[in-house]
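Q: Please take a close look at one part of this model, going through what it is built from and what surrounds it, and then follow the chain outward to the neighbouring parts. I would like the reasoning spelled out wherever a conclusion depends on a cut-off.

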Amino acid sequence: MSQPVIRIATRKSPLAMWQAEYVKQRLEQIHGDITVELLPMSTKGDVILDTPLAKVGGKGLFVKELEVAMLEGRADIAVHSMKDVPVDFPEGLGLHVICEREDPRDAFVSNTYKSITELPQGAIVGTSSLRRQCQLRALRPDLEIRDLRGNVGTRLAKLDNGDYDAIILAAAGLIRLELSNRIASFIEPEVSLPANGQGAVGIECRMDDEQVKALLAPLEHQETRYRVLAERAMNTRLEGGCQVPIGAFAQIDGDQLSLRGLVGAPDGSEIIADSVTGDKQQATELGIELAEKLLAQGAKAILDAVYK
């Protein structure tokens, strides 16, 4: 019997490569008789860097080429940041594994200031996320928010070049790239709710490939799955794409899952927030329940205005 070979389709960015290497190492540790190869690729989302994601199709731009590679048989699996994964999958593909979550919080990064509250009036803050923008503007309407695209290294270079007084990034990416020293402070969910799935890594594969699915199974982290399922279900019911002013954050205590969510106008003028708590086994139902509560309070009108 020849050794099984697993080919991982991955974006070429340092963070995407870290995630693919992480899955590669885990698979090789668990299965001693396996060969794992990386297939680095450029996606449309990596190439279009001068336009906000919301205007060019959202974060699904980061996964399409990887999915084509799997459908054509050039790759067996793709590794994604869960916050970049669209709700729907092409026929024949699906999200089989969700790995253990890293810190889901946003990070405040600045060479001069320690926190959002320390920023002087009119300070320039970089982020392309409508979710971050709406919460930041609600908290500090005096700040100047400017778009910021590119991989983590590119964004940090723009900060270091003096283009911004501070930037907001996902803490998980900085931690994984061993750049925790760049975090001036963590932004607690009470201040800014993260994106659904932020900090979690998912593995997509062909759903009829039983051998690959069996090899991937030990990487599943059940608690993270419950949390991410609840967050994504809320986003799905709100018909939110990836690049929308929607925040979601689930926590588990024993058998209980608590989920907080919000929908906000990008200018911060209106934010609708609520929460639900229930059995973690009902994660998807809880996400839908919270979405219904937000819709009942006017979330659809906010989102419709964003999509125009």
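A: A residue is called buried here when its relative accessible area is under 20%, exposed when that area is over 50%, and partly exposed in between. The model is a predicted one, and by this cut-off Cys134 is buried, with a relative accessible area of 0%. Cys99 is buried as well, its relative accessible area being 1%.

The part to look at closely is an open sheet of five strands, which has mixed pairing and follows the order E7-E6-E8-E5-E9. Its edges are strand E7 (144-146) and strand E9, each of which pairs on one side only. From one strand to its neighbour in this sheet, the turn is 30 degrees on average when direction is ignored. At the E7 edge, strand E6 (residues 124-126) pairs with E7 in the parallel sense over three bridges, and within that pairing the bridge partner of Val125 is Ile145 in E7. Helix H5 (residues 130-139) packs on this sheet, where it touches E5, E6, E7 and E8, and its direction makes about 130 degrees with that of E8.

A second helix, H6, lies across E5 and E8 and runs at about 165 degrees to E8. The buried residues of H6 (residues 152-160) are Val152, Arg155, Leu156 and Leu159. Seen down the helix axis, these buried residues fall within an arc of 95 degrees, so they line one face of H6. The elements covering them include strand E5 (106-109), strand E8 (166-170) and helix H7 (171-176). At the start of H6, a side-chain oxygen of Asn151 comes to within 3.1 Å of the backbone nitrogen of Gly153. At the other end, H6 is followed by Gly162, a residue with a positive phi near 90 degrees.

Another positive phi is found in the loop between H7 and strand E9 (185-187), where Glu178 is placed. Glu178 has a phi near 60 degrees, a positive value in a residue other than glycine. As background, most residues other than glycine have a negative phi. Glu178 has 70% relative accessibility and therefore counts as exposed.

Moving outward from this sheet, strand E4 (residues 93-98) is mostly covered, with five of its six residues buried. E4 is joined by five bridges to strand E10 (residues 201-206), and the two run antiparallel; in this pairing Leu93 stands opposite Arg206 in E10. Gln19, which lies in helix H1 (residues 14-30), is buried too, with a relative accessible area of 3%. Once the neighbours within four places in sequence are set aside, the residues in contact with Gln19 are Val79, His80, Ser81, Arg176 and Val201.

The cysteines can be considered as possible bonding partners. A disulfide is a covalent bond between the sulfur atoms of two cysteines. A search of the whole structure finds zero of them. For Cys99 the reason is distance, because the closest cysteine sulfur, in Cys205, is 12 Å from the sulfur of Cys99, too far for a bond.

A further sheet, also open, is formed by three strands in the order E11-E12-E13, with antiparallel pairing. Its edge strands are strand E11 (246-253) and strand E13 (271-279), each pairing on one side only, and the twist from one strand to the next averages 15 degrees. Strand E12 (residues 256-264) is paired with E13 in the antiparallel sense over nine bridges, and Leu257 has Gly278 in E13 as its bridge partner. Helix H10 (residues 283-296) lies across E12 and E13, running at about 150 degrees to E13.

The loop between E12 and E13 is the place of Glu270, which at 39% relative accessibility counts as partly exposed. Leaving aside neighbours within four places in sequence, Glu270 is in contact with Val263, Gly264, Ala265 and Ile302. The C-alpha atoms of Glu270 and Gln135 are separated by 9.5 Å, although these residues are 135 residues apart along the chain.

Definitions and conventions. Residues numbered from 1 in each chain as written. Predicted model: local features only at pLDDT ≥ 70, side-chain atom pairs only at ≥ 80, totals over all residues. Heavy atoms only, no water. Buried < 20%, exposed > 50% of the residue type's maximum accessible area, 1.4 Å probe, protein only. Helix = DSSP H or I, 4+ residues; strand = E, 2+ residues; numbered from the N terminus. Arc of directions from axis to C-beta. Contact = heavy atoms within 4.5 Å. Polar contact = N/O pair within 3.5 Å; in protein donor to acceptor, adjacent residues only side chain to side chain. Disulfide = S-S within 2.5 Å. Pairing = 2+ DSSP bridges. Axes fitted to C-alpha atoms, helices over the stretch in contact; angles between N-to-C directions.
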